[in-house]
Amino acid sequence: MKALLSIAAGGPETLEMTEIDAPVAGPGELLVAVKACSINFPDALIIKDMYQLKPQRPFAPGSEIAGTVEAVGEGVTGWSVGDRVIAGTGFGGLVEKKVVPAAGSYKLPEQFSFEQGASLLMTYGTSIHALKDRGHIKPGDTLLVLGAAGGVGLAAVELGKAYGARVVAGVSSEAKAEAARASGADEVVVYDRQPFDKDQSKALANAFKDAVGPNGADIVYDAVGGDYSEPAVRAMAWEGRFLVVGFPAGIAKLPLNLTLLKSCDVCGVFWGAFAAREPKRNAANIAELFDLWAAGKISPRISETFSFATAHEAIARLENREAIGKLVVTM
């Protein structure tokens with residue numbers, strides 16, 4: 001079978017399309033014929049050895065897939081050959097066939113496409129864990145989302161609205177602002193590209209404050225980091241929750257006196273570790289996502305699809321922060 005492999009650390013141009021042996025489903029596993037694999041920011045990091053997970057080479061990037069069950073391993077119940085399935089893989093999804101644990105896989109309803117199915121787990125799984133489990137979101141909260149036009153950002157916007165929050169989206173272009181508004185954002189702040197000097201940082205903080213209102217943001221969902229984080233903290237409400245989701249703009253350095261002055265919490269969000277440590281709570285969150293999806297309150301936005309042969313181009317677009325919503329590779 002074909003697999004797009006990372007042979008040596010580097011950018012997407014270093015990936016190689018290779019023929020390898022197809023895997024076999026072992027006990028508790030499903031063999032999936034992959035139909036679609038979405039691209040997420042960790043895919044750009046993991047091939048450079050810059051992600052917290054560092055698999056042994058050669059390996060394929062690709063952290064979530066959708067497809068059909070081709071074989072069922074020993075001891076697996078509730079699954080049959082031909083079932084439509086989605087699964088998180090961590091890595092290894094850019095292949096024609098993939099073995100996944102049955103316990104961490106979910107049936108994809110017929111009304112949703114494979115491309116949509118491959119776009120649900122990581123972005124919406126991260127965002128529901130962030131907002132519910134770490135941010136304790138409630139109706140009437142004001143939510144500020146940084147990087148609101150990316151995959152996790154749009155998921156946070158949609159979920160924030162589904163949970164009754166007022167949502168302010170922070171984005172880097174007017175095109176991204178349109179995407180955030182289309183997903184339900186009540187207000188949008190379009191910010192410049194970093195680096196920021198002191199005056200620029202203060203101006204962004206004031207823009208955030210004007211958008212969230214006089215009481216501040218109850219929750220900040222920070223999927224950007226870098227020079228954008230401190231201005232967002234300055235716009236927080238008393239006893240607000242600052243959610244650290246990702247840092248494509250770099251790891252932020254926060255003045256901790258701000259957390260004292262606002263009596264706010266800084267909360268790390270590591271969905272992959274949460275899913276591994278607390279599978280029952282994660283499964284309940286995923287079940288809730290399916291209900292919200294069926295009710296039309298969330299819907300993965302796929303801005304572009306790529307062939308398997310051009311998958312490296314999708315990773316490059318994400319790495320350059322050019323993507324709006326999800327990029328998906330189809331097999």
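Which side chain does E64 meet in a salt bridge? In this predicted model, the partner of E64 is K326, with an N to O distance of 3.0 Å. E64 belongs to strand 4 (residues 64-72) and K326 to strand 15 (residues 326-330), so the contact ties together parts that are 262 residues apart in sequence. Both residues are buried.

This pair is part of a longer list, since a search of the whole structure finds 15 salt bridges. Side chains of opposite charge can pair when their charged atoms come close. Two further pairs, described below, also link distant parts of the chain.

The setting can be given from the record. UniProt, in an unreviewed entry, places the feature "domain: Enoyl reductase (ER)" at residues 10-329. Over residues 10-329 the chain is 32% helix and 26% strand, and the C-alpha atoms at the two ends of this range are 20 Å apart.

Helix 3 covers residues 121-134 and is mostly covered, with twelve of its 14 residues buried. Among the buried residues are L121, M122, Y124, I128, L131 and D133; H129 is also one of them. After the helix comes H136, which has a positive phi, near 50 degrees.

K132 lies in helix 3 and is not as covered as the buried residues there: its relative accessibility is 30%, and because buried means under 20%, K132 counts as partly exposed. The side chain of K132 meets that of E288 in a salt bridge, 2.7 Å from N to O. This pair links helix 3 with helix 10 (residues 279-294), where E288 lies, 156 residues apart. E288 has a relative accessibility of 23% and likewise counts as partly exposed.

A third pair involves the loop between helix 3 and strand 8 (142-146), where D141 lies. D141 forms a salt bridge with R241, and the closest N and O atoms are 3.3 Å apart. R241 sits in strand 12 (residues 236-244), and the two partners are 100 residues apart. How accessible is R241? Its relative accessibility is 10%, which counts as buried. D141 is buried too, with a relative accessible area of 2%. Finally, salt bridges that share partners join D133, E278 and R281 into one network, and D133 is one of the buried residues of helix 3.

Note on methods. Residues are numbered from 1 along each chain as its sequence is written. This is a predicted model: local features need pLDDT of at least 70, side-chain atom pairs count only at pLDDT 80 or more; totals for chains, interfaces and linings use all residues. Side-chain values use heavy atoms; hydrogens and water are left out. UniProt positions are given in the numbering used here, feature names are shortened, and annotations may be inferred rather than shown by experiment. Helices (H or I, at least four residues) and strands (E, at least two) are DSSP runs, numbered from the N terminus. Buried means under 20% relative accessible area, exposed over 50%, partly exposed in between (1.4 Å probe, protein chains only). A salt bridge is a side-chain nitrogen of Lys or Arg within 4 Å of a carboxyl oxygen of Asp or Glu.
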